[in-house]
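Work through the exercises below with the sequence and the model side by side. Each task is followed by a solution in steps.

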Amino acid sequence: DTYEKLMGEEFRGLDQRAARAAAAAVRTGERLEALEQHRRRAAEMVKLLEYFIQLNCDRSELPLDPVFTDPSQLYALAKVVHKLSPVANELDARNERTKRAKKEIERLVSHVETQLLEQFDKARVGQDIAKMRETAEALCEFNGGTSVVARFLQTQDVFTNIQLINQEEAIAATPVPSSAKEDLRLIEFSKRIIEACEKMIEMT
């Protein structure tokens with residue numbers, strides 16, 4: 001009994017020490033992870049500062065990073081411009097020291113949006129759903145997606161087809177009780193809205 005008691009106490013002691021070691025390892029891992037996150041954020045800030053300086057300098061003084069000049073890096077450029085845009089919004093356009101960068105960032109915002117929308121349109125015409133989804137996701141991250149939603153809806157007959165609009169007007173002119181007339185218009189319009197939305201959902 002005494003032997004078993006001693007062995008039990010020894011095992012309990014080992015278990016406690018193992019638990020303390022595991023807890024210490026977890027805390028160390030968490031600290032290392034936090035340090036790595038800080039390191040990544042610091043590296044990202046340094047890179048953004050480099051981009052800002054490039055945009056603020058004359059091209060003869062400092063060449064641009066390929067992310068600004070290589071069309072194949074459009075999605076990477078969108079991420080860079082998205083992060084630089086809030087900085088440009090805070091800058092005073094009258095400040096001679098930073099107005100070049102502010103102007104360039106604002107130009108890039110328009111450029112990136114235009115290029116992404118053109119890629120979305122091209123993918124839509126080619127019925128490339130995967131590319132439409134990729135471009136739509138990039139636009140959602142870039143500006144909340146309002147422009148791509150508006151562009152998509154502009155392509156739907158329910159909103160643009162003159163014949164369908166005339167049909168709506170014909171329904172409105174049908175000699176039926178006003179309440180029933182409104183019901184017919186709402187039902188028909190709702191069906192078309194649903195069809196348009198279903199097409200949009202296919203991309204998500």
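A nonpolar core is a set of buried Ala, Val, Leu, Ile, Met, Phe, Trp, Tyr and Cys residues joined through side-chain atoms within 4.5 Å. The model used here is predicted.

**Exercise 1. The chain as a whole**

Describe the secondary structure of the protein chain and state what share of its residues is buried.

Solution.
- Step 1. The protein chain has nine helices and zero strands. In sequence order the pattern reads α-α-α-α-α-α-α-α-α.
- Step 2. A residue counts as buried under 20% relative accessible area. By that cut-off, 24% of the 204 residues of the protein chain are buried.
- Step 3. About 14,100 Å² of the protein chain is exposed, and carbon and sulfur atoms supply 57% of that area.
- Step 4. Take the contacts between residues at least 6 apart in sequence: 58% of them join residues at least 24 apart.

**Exercise 2. The largest nonpolar core**

Which residues of the largest nonpolar core touch the most other members, and which elements give two or more residues to this core?

Solution.
- Step 1. The largest nonpolar core has 28 residues, and those that touch the most other members are Y51, L55, F68, L77, L84, V112 and L116.
- Step 2. Two or more residues of this core come from each of α1, α2, α3, α4, α5 and α6.
- Step 3. α4 supplies the largest share, eight residues.
- Step 4. L84 serves as an example: leaving aside neighbours within four places in sequence, L84 is in contact with L48, Y51, L55 and I105.

**Exercise 3. The aromatic pair**

Find the one aromatic pair in the structure and classify its geometry.

Solution.
- Step 1. A pair of aromatic rings is described by the distance of the centres and the angle of the planes.
- Step 2. The structure holds one such pair. Its members are Y51 and F68, with 5.3 Å centre to centre and 90 degrees between the planes.
- Step 3. Planes over 60 degrees apart count as edge-to-face, and the pair of Y51 and F68 is edge-to-face.
- Step 4. Y51 belongs to helix α1 (residues 2-56) and F68 to helix α2 (residues 66-69), so the pair ties together parts that are 17 residues apart in sequence.
- Step 5. Y51 is buried at 9% relative accessible area, and F68 is buried at 13% relative accessibility.

**Exercise 4. Helix α5**

Compare the span of helix α5 with the expected value, then locate its buried residues.

Solution.
- Step 1. Helix α5 (residues 129-143) has 15 residues and should span 21 Å at 1.5 Å a residue; the end C-alpha atoms are 21 Å apart, which agrees.
- Step 2. The buried residues of α5 are M132, T135, A136, A138, L139 and F142. Down the axis of α5 they fall within an arc of 160 degrees, so they line one face of the helix.
- Step 3. An α-helix has 3.6 residues a turn, so residues three or four places apart point the same way.
- Step 4. The buried residues of α5 pack against α3 (74-90), α4 (99-125) and α6.
- Step 5. L139 lies in α5 and is buried at 0% relative accessible area. Apart from neighbours within four places in sequence, L139 is in contact with E113, L116, L117, G144, G145, S147 and V148.
- Step 6. L139 and A78 are 61 residues apart in sequence, with their C-alpha atoms 8.3 Å apart in space.
- Step 7. After α5 comes G144, with a positive phi near 90 degrees.

**Exercise 5. Two sides of helix α6**

Which residues of helix α6 (residues 146-154) are buried, and which exposed residues does the face turned away from its buried side carry?

Solution.
- Step 1. S147, V148 and F152 are buried in α6. Seen down the axis of α6, its buried residues lie within an arc of 130 degrees, so they line one face of the helix.
- Step 2. T146 and Q154 are exposed, on the face of α6 turned away from its buried side.

**Exercise 6. The loop between α3 and α4**

Place L91 and T98, and list their contacts beyond neighbours up to four places away in sequence.

Solution.
- Step 1. L91 is in the loop between α3 and α4, and T98 is also in the loop between α3 and α4.
- Step 2. L91 touches F52, T98 and K102.
- Step 3. T98 is in contact with F52, N56, L91 and D92. T98 is buried, at 16% relative accessible area.
- Step 4. From C-alpha to C-alpha, L91 and A101 are 9.3 Å apart in space and 10 residues apart in sequence.

Notes:
Residues are numbered from 1 along each chain as its sequence is written. This is a predicted model: local features need pLDDT of at least 70, side-chain atom pairs count only at pLDDT 80 or more; totals for chains, interfaces and linings use all residues. Side-chain values use heavy atoms; hydrogens and water are left out. Buried means under 20% relative accessible area, exposed over 50%, partly exposed in between (1.4 Å probe, protein chains only). Helices (H or I, at least four residues) and strands (E, at least two) are DSSP runs, numbered from the N terminus. The arc is that of the directions from the helix axis to the C-beta atoms. Rings of Phe, Tyr and Trp (its six-membered ring) pair if their centres lie within 6.5 Å; planes under 30 degrees apart count as stacked, over 60 as edge-to-face and the rest as tilted. Contact means heavy atoms within 4.5 Å. Accessible areas come from the Shrake-Rupley method with a 1.4 Å probe; for residues, only the protein chains shown count as cover. The expected span of a helix is 1.5 Å times one less than its number of residues.
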